[in-house]
Amino acid sequence: MDDLGVAVVIEDDADVRNLLEGVLTQAGFEVHTAVDGRAGVEVVRSKQANVVTLDIGLPDIDGFEVLRRIRNFSNAYVVMLTGRTDEPDLLGALNAGADDYIAKPFRPRELRARVAAMMRRPRHEVTGQKPSQPQWGEAAAAKVEPGVLQHNGLLLNHRTRTVEIKGEPLGLTRSEFDLLHVLLKGGGAVCTRADLVRAVRGDFYDRDTYISEADERAVEVHVGNLRRKLKEDQLSPRWLQTVRGVGYRLAPRRPDDA
């Protein structure tokens, strides 16, 4: 990987900061660092960062507030780094706009792989803009064209990365879109949490890659956010069913929602 742009490391621990700087420099980034949150926001702004690594526990303002400020002006990839692995922290990071979340201590190779996987995918959010094709109506089939999937009134276009529910656009994050796409392609087959981690992480997470509990909790948070946006009925889900102890699958097709 060469000439990948600018990376900013926001980290108060000197040893971790130096490690991150070295990993990202070797990967091909121009790297800048900051030791606290306020300085980090300004470095991201002034250097027009493409990638940011962000510690949650900073000495002035916490990483969640730093991330919220960054998201006001930047769509840089943001990876949160922290020793915390509790679900509220995962939820806070992902809801605030983080692209990924890595628990300390981490392996340099893992960080580099995570960053590479993110940059292989579209950065923008799925905004819900309506695709020009296909149109809803009698001509709509279960699979309308290559890359387009339909199920119970929901249509996903992988080419344009757009989602509609009975013609109304639905705004999803990159990770939410990827999870929904994998479940739709499964056609009702059970997707384990590990399968969905790989869907979110990208090609660098192959079958032999270790999947941590933090990885699986992050997927659960993404699925929870996706369900809220879909306005799922917990007692009678239309799209996403939980398979206890295993993962998730697509809900059965409803004839009235074809």
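Reader: Before we look at the helices, what counts as oblique here?
Author: Angles under 35 degrees count as roughly parallel, those over 145 as roughly antiparallel and those from 65 to 115 as roughly perpendicular, while the rest are called oblique. Please keep in mind that this is a predicted model.

Reader: OK, at what angle do α6 and α7 pack, and how far apart are their axes?
Author: Helix α6, which covers residues 174-186, packs against helix α7, residues 193-201, at an angle of about 130°, and their axes lie 9 Å apart. The two helices are therefore oblique to each other.

Reader: And is the crossing left-handed or right-handed?
Author: The crossing of α6 and α7 is right-handed.

Reader: Which residues make that contact?
Author: From α6 the contact uses R174, S175, D178, L179, V182 and L183, and from α7 it uses L196, A199 and V200. By character, the residues of this contact divide into six nonpolar, one polar and two charged.

Reader: Switching to the sheet, what is the strand order?
Author: It is an open sheet of four strands in the order β6-β7-β8-β9, with antiparallel pairing. Strands β6 (148-151) and β9 (168-169) stand at the edges with a single partner strand each, so one side of each has no neighbour in the sheet.

Reader: How many bridges join β7 and β8?
Author: Strand β7, residues 154-157, pairs with strand β8, residues 162-165, in the antiparallel sense over four bridges, and N157 stands opposite T162 in β8.

Reader: Which strands does α6 touch?
Author: Helix α6 packs on the sheet and touches β6, β7 and β8, with its direction making about 110° with that of β7.

Key. Residues numbered from 1 in each chain as written. Predicted model: local features only at pLDDT ≥ 70, side-chain atom pairs only at ≥ 80, totals over all residues. Heavy atoms only, no water. Axes fitted to C-alpha atoms, helices over the stretch in contact; angles between N-to-C directions. Left-handed = near helix turned anticlockwise from the far one by under 90°. Contact = heavy atoms within 4.5 Å. Nonpolar A, V, L, I, M, F, W, Y, C, P; charged D, E, K, R; others polar. Pairing = 2+ DSSP bridges.
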